[in-house]
2 protein chains.
Amino acid sequence: MMAIEIAEQPAVWQRVLAEGQPQIAAVAARLVERAPRFVLFAARGSSDHAALYGKYLIEITHNLPAGLVSPSTVTIYGSRPDLRDVLMIAISQSGSSPDLVRTIEVARAQGATTLSITNDVDSPLAQVAELHLELLAGQERSVAATKSYTAQLLVLYLLLERLKDRNGLAATDLPSLGRSLLAREGELEQAAARYESTQRMVITSRGYSYATAMEAALKLMETSYLGAQAFSGADLLHGPLAMIDAQLPLIVILPAGPAGRALREPLSVLARQGASIFCIGNQPRLTGFSLPNVADELEPILQALPVQLLALHLAILRGENPDAPRGLTKVTRTL
Amino acid sequence: MMAIEIAEQPAVWQRVLAEGQPQIAAVAARLVERAPRFVLFAARGSSDHAALYGKYLIEITHNLPAGLVSPSTVTIYGSRPDLRDVLMIAISQSGSSPDLVRTIEVARAQGATTLSITNDVDSPLAQVAELHLELLAGQERSVAATKSYTAQLLVLYLLLERLKDRNGLAATDLPSLGRSLLAREGELEQAAARYESTQRMVITSRGYSYATAMEAALKLMETSYLGAQAFSGADLLHGPLAMIDAQLPLIVILPAGPAGRALREPLSVLARQGASIFCIGNQPRLTGFSLPNVADELEPILQALPVQLLALHLAILRGENPDAPRGLTKVTRTL
């Protein structure tokens, strides 16, 4: 199922681009009226990495401060924050986790404009938020989220473009670029063989693509039970660098733009420490998987494909069932 | 040096309680005038975990939305966010990392009230922020931060108490409680032996104490080169749970209050999955290290001591030098 849903992604993106625009335009119009001054995201798991991407988009392209919510402050400690002028966006495939539902319920009562982005229009989260955007990803059955994750990124991108009166035309090529990447699945099956008996891994990136590093770590933890850890290139130098040696494989998600340039310094430090690097991005000189040039903001959508395929093939190689990770169910309900 | 600085902490806390109050009162008075509506924290490494603690404090005890800054949005992408009504707090032992200095510089120009909390009044960060609080921790020489971290927590706690016209009297007992905990160092030396040949570990907690889990993971990565990963009890169930089995040691930082009750469900799930749990907190029934009862907000300050001692003894046991982690220097400068 994970393999099928990975392969569906170009078609999902096509659907979001073709059919998603009216709902996005309607929500954008409401948000323009409210003119929020601060944006908060509430999410868990893969959706939390989409939220991280959204946080960067809001800060960089809209010059608004943004943050990620700690749901426990509301659900466990009973905090009732003053949320006037705040836009709170909850992101969830299922829209079912009680902590997110409660967080949005309280946020709405405390004056926030609330928007949920889910794959299920009838979910509790979609019902409780004032505004809703549907992911249009089709039913996702694999426990490890794939198509719902990239649909979340694309919907966020298109919403934020629309808020600047832009159509997100740069995203038009994504479906065909995605199909080309999927055709190179063999390269990732081969790369997975490098990690057949690996127990630990570090993934690093910076900027928009930091979300991809986080998502890569989660996919590897969920499907291959690897101790996969993601750090921004800067955070890595503030401590975790110490554990890097030639035995600890490192994956670098390397964007092309300014964030890619900012990764040069951490990469040279890592190379000096003997790190064994596999690079996903725009650097043909390094061992790795090359990606086409797209706008900085769109890179994480394409990066997700090789990351998902690597996790899938590694799980299969290690004899695990990526569709049924140990101890997990498709819908996780936390308080 | 790490051992000496761990042992100094009760005296540092005493100094903050005795000599730190005037500067805290002065800064609090300025903040009351400004009446910020949103709070952002900028920090790296251990200081980022103090920032996480501060975020929970702001949200829970002050009912204000708060977030953690991604410095790259400003330093790499050139974002110039609208920060009117925002309080931005930068936390750093050295006050020297250029990304934090630049973030505060831009924040001040963009209308934020800026406060830096550093151990060095002459540092660039202390100079560039409008307001400053000194940690009073004394020079820290060990690369792995210990006394500066708990001083950061205590200064944040006292500042936020003062903002509610309270004296933070509940913290008065911390130095004597800390001395009692340090006297039990032998228990942690013994506990460290369990992990002598461990390569991976998971640490979990919830609420205020989530910061302790994050800090524990960093200390173990820095000093023992373990693949130590921290998750909130809720995030753990949204994916990483899959990698837990009887071979992967788990440390639970267990608070006494509502966050401790919220951890019961994840703990029973982890037990079903065969996890081998060592508990630091208030549950004498489980194997672990017991902590005295203090206010929920103060628990992370005491929890830091057993966490630091465990990392110290594990590093020594594994033949590593905790004062000079591989590849790190005391002051890390990232862009």
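The exercises below, each with a worked solution, go through the contact between two chains and then two sheets in a predicted model.

**Exercise 1. The contact between chain A and chain B**

Describe how many residues each chain gives to the contact, how much area is buried, and which three residues of chain B supply the most of the area that chain B buries.

Solution. Begin with the residues: the contact takes 70 from chain B and 70 from chain A. Next comes the area, which is about 5,600 Å² buried between the two chains, with 56% of it on carbon and sulfur atoms. Then turn to single residues of chain B: Tyr77(B), His238(B) and Arg326(B) together account for 13% of the area that chain B buries against chain A, more than any other three residues.

**Exercise 2. Polar contacts and salt bridges across the chains**

Find the number of salt bridges between chain B and chain A, and work out where the partners of Arg44(A) and Arg326(B) lie.

Solution. The count between the two chains is 6 salt bridges, where the side-chain nitrogen of Lys or Arg must lie within 4 Å of a carboxyl oxygen of Asp or Glu. One pair to check is Asp235(B) with Arg44(A), whose closest N and O atoms are 2.8 Å apart. A second pair is Asp245(A) with Arg326(B), at 3.8 Å from N to O. Asp245(A) belongs to the loop between helix H12 (233–237) and strand S8 (249–254) of chain A, while Arg326(B) belongs to the segment after helix H15 (299–317) of chain B, so this salt bridge joins two chains. Taken over all chains, the count of salt bridges comes to 30. As for polar contact, 36 residue pairs are counted between chain B and chain A, with both residues at pLDDT 80 or more.

**Exercise 3. The side of chain B that touches chain A**

Which element of chain B gives the most residues to this side, and how do the residues of the side divide by type?

Solution. First list some of the elements that supply at least two residues each, among them strand S1 (38–43), helix H4 (46–62), helix H11 (210–224) and strand S7 (227–232) of chain B. Of the elements, S7(B) gives the most, with 5 residues. Sorting the residues of this side by type then yields 34 nonpolar, 20 polar and 16 charged.

**Exercise 4. An open sheet in chain B**

Give the strand order of the sheet that contains S7(B), and explain why S7(B) has a side without a neighbour in that sheet.

Solution. The open sheet has 5 strands in the order S7-S6-S8-S9-S10, paired in parallel. S7 and strand S10 (288–290) of chain B stand at the edges with a single partner strand each, so one side of each has no neighbour in the sheet. Neighbouring strands are turned by 20° against each other on average, direction ignored. Within the sheet, strand S6 (residues 200–205) and strand S8 (residues 249–254) of chain B pair over 3 bridges, and Ile203(B) stands opposite Ile251(B) in S8(B). Finally, H11(B) packs on this sheet, touching S6, S7 and S8 of chain B, and its direction makes about 175° with that of S7(B).

**Exercise 5. An open sheet in chain A**

Identify the edge strands of the sheet with order S2-S1-S3-S4-S5 in chain A, and the helix that packs on it.

Solution. This sheet is also parallel, with 5 strands. Its edges are strand S2 (66–68) and strand S5 (131–134) of chain A. Strand S4 (residues 113–118) of chain A is joined to S5(A) by 4 bridges, and Leu115(A) has Leu131(A) as its bridge partner in S5(A). Helix H6 (residues 98–109) of chain A packs on the sheet, and its direction makes about 165° with that of S3(A).

Terms used. Residues numbered from 1 in each chain as written. Chains lettered and ligands numbered in written order. Heavy atoms only, no water. Contact = heavy atoms within 4.5 Å. Buried area = accessible area lost by both parts, 1.4 Å probe. Polar contact = N/O pair within 3.5 Å; in protein donor to acceptor, adjacent residues only side chain to side chain. Nonpolar A, V, L, I, M, F, W, Y, C, P; charged D, E, K, R; others polar. Pairing = 2+ DSSP bridges. Axes fitted to C-alpha atoms, helices over the stretch in contact; angles between N-to-C directions.
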